[in-house]
Amino acid sequence: PYTNAMFDFVFKPTDENAYTHNAQGKRVKETHYAQGWSLLNLRSQQWRQFFVEKSRQKIVRQGFDGIFIDDMGMASGLSKIKRIDSPPGYGSGSGWRAFSDEEWYQAGYDFLDYVKKELGKNVVIFNGLYHQPPQYDITFLEVTDGGMREGFILTGRYDRFLSEKAWKKLLNQAIKDINKYNKKFIATCRMQKEGATVEDRMFCFTSYLLINKTGHVYYSPPKCPMGVR
């Protein structure tokens, strides 16, 4: 079942610090996909406990073997995120301090570590693998069962392919990490390329074949164009 580590409209915390706040003391808001939603604080124990309990309920109710955690790409390269209205931070002494990229990435790592330990044998897959350098989200594989690269070999709004250099870097990194961590990699090809051809679709598929390792790599193909069966 779908879960989201960054936003939740059901969560009603008693601790205001369960949300992130900007320098003016206001909650940091999402401005693109979940407009108006408040960015949660990955360091918050109250949020972590709520997330785990809600996940357990979904697993039991829907009969799945684990959860999919969306938006973990926002934990990497925080300073480059354009989906929020202001930099998030925390109280420091008598003042306020913005999260550094490293601090927020560590918060994401610790959040996933907590969730996986609490859910035990249940599978935990995060969305956001290979999201932003320099962290690139790779070490999240240490504390989960695997990650998903949304768009796979496409970039932007999934409307154009990576450059040849970036394509090679991504596939080589995937091969290295699949072998090193022995975790699952989900290559989701959400192609939004205008006038996509059969060759474009085959390029996505053959890129998957280059990194495929049975039981570890899963491929989600782009949707067929309108009218195609």
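Student: Buried means under 20% relative accessible area, exposed means over 50%, and partly exposed is in between (1.4 Å probe, protein chains only). Going by that, is Ile81 buried or exposed?

Tutor: Ile81 has 14% relative accessibility, so it counts as buried. Keep in mind that this is a predicted model, where local features need pLDDT of at least 70 and side-chain atom pairs count only at pLDDT 80 or more, while totals for chains, interfaces and linings use all residues. Residues are numbered from 1 along each chain as its sequence is written, and side-chain values use heavy atoms, with hydrogens and water left out.

Student: Where is Ile81, and what does it touch?

Tutor: Ile81 sits in the loop between β2 and β3 (89-92). Strands here are DSSP runs of E, at least two residues, and helices are runs of H or I, at least four, numbered from the N terminus. Leaving out residues up to four places away in sequence, Ile81 touches Gly73, Met74, Ser76 and His131, where contact means heavy atoms within 4.5 Å. Its C-alpha also lies 9.7 Å from that of Gln132, which is 51 residues away along the chain.

Student: OK, pockets. How much space is in the largest one?

Tutor: The largest pocket holds about 1200 Å³. On a 1 Å grid over the protein atoms alone, a pocket is an open set of points with protein on both sides within 12 Å along at least five of seven lines, a cavity is a set where a 1.4 Å probe fits but cannot get out, and lining residues have an atom within 4 Å of a point. Points are joined across faces, edges and corners, and the volume is the space filled by probe spheres set on them.

Student: Which residues are closest to the pocket's centre?

Tutor: The lining has 36 residues, and Tyr33, His131, Glu150, Gly156 and Tyr158 are the closest to the centre. Two or more lining residues come from each of β1 (2-4), β6 (146-150), β7 (154-155) and α3 (164-181). α3 gives the most, with four residues.

Student: And what's the mix by class?

Tutor: The pocket lining has 16 nonpolar, nine polar and 11 charged residues. Nonpolar covers Ala, Val, Leu, Ile, Met, Phe, Trp, Tyr, Cys and Pro; charged is Asp, Glu, Lys and Arg; the others, Gly among them, are polar.

Student: Tyr158 came up just now. What's its phi like?

Tutor: Tyr158 has a positive phi of about 60 degrees, although it is not a glycine. You'll find Tyr158 in the loop between β7 and β8 (160-161). Phe152, in the loop between β6 and β7, also has a positive phi, near 55 degrees. At 0% relative accessibility, Phe152 counts as buried.

Student: How many cavities of 30 Å³ or more are there?

Tutor: There is one. The largest cavity has a volume of about 50 Å³. Its lining includes Leu129, Tyr130, Asp177, Ile178 and Lys184. α3 and β9 (184-188) each give two or more of the lining residues, and α3 has the largest share, three residues. By class, the cavity lining has six nonpolar, no polar and three charged residues.

Student: Switching to helices. What does α1 look like?

Tutor: Helix α1 (residues 45-62) has 18 residues and runs 26 Å from first C-alpha to last, close to the 26 Å expected at 1.5 Å a residue. That expected span is 1.5 Å times one less than the number of residues. Trp47, Arg48, Phe51, Val52, Ser55, Lys58 and Ile59 are buried in α1.

Student: Why do those buried residues of α1 line one face?

Tutor: Seen down the axis of α1, they fall within an arc of 130 degrees, so they line one face; the arc is that of the directions from the helix axis to the C-beta atoms. On the other side of α1, Val60 and Arg61 are exposed. β1, β2 (66-70) and α2 (101-119) are among what covers the buried residues of α1.

Student: What about α4, which residues are buried there?

Tutor: In α4 (residues 198-211), the buried ones are Asp200, Cys204, Ser207, Tyr208 and Ile211. Down the α4 axis they fall within an arc of 100 degrees, so they line one face of the helix. The face of α4 turned away from them carries the exposed Val198, Glu199 and Leu210. What covers the buried residues of α4 includes β7, β8, α3, β9 and β10 (217-220).
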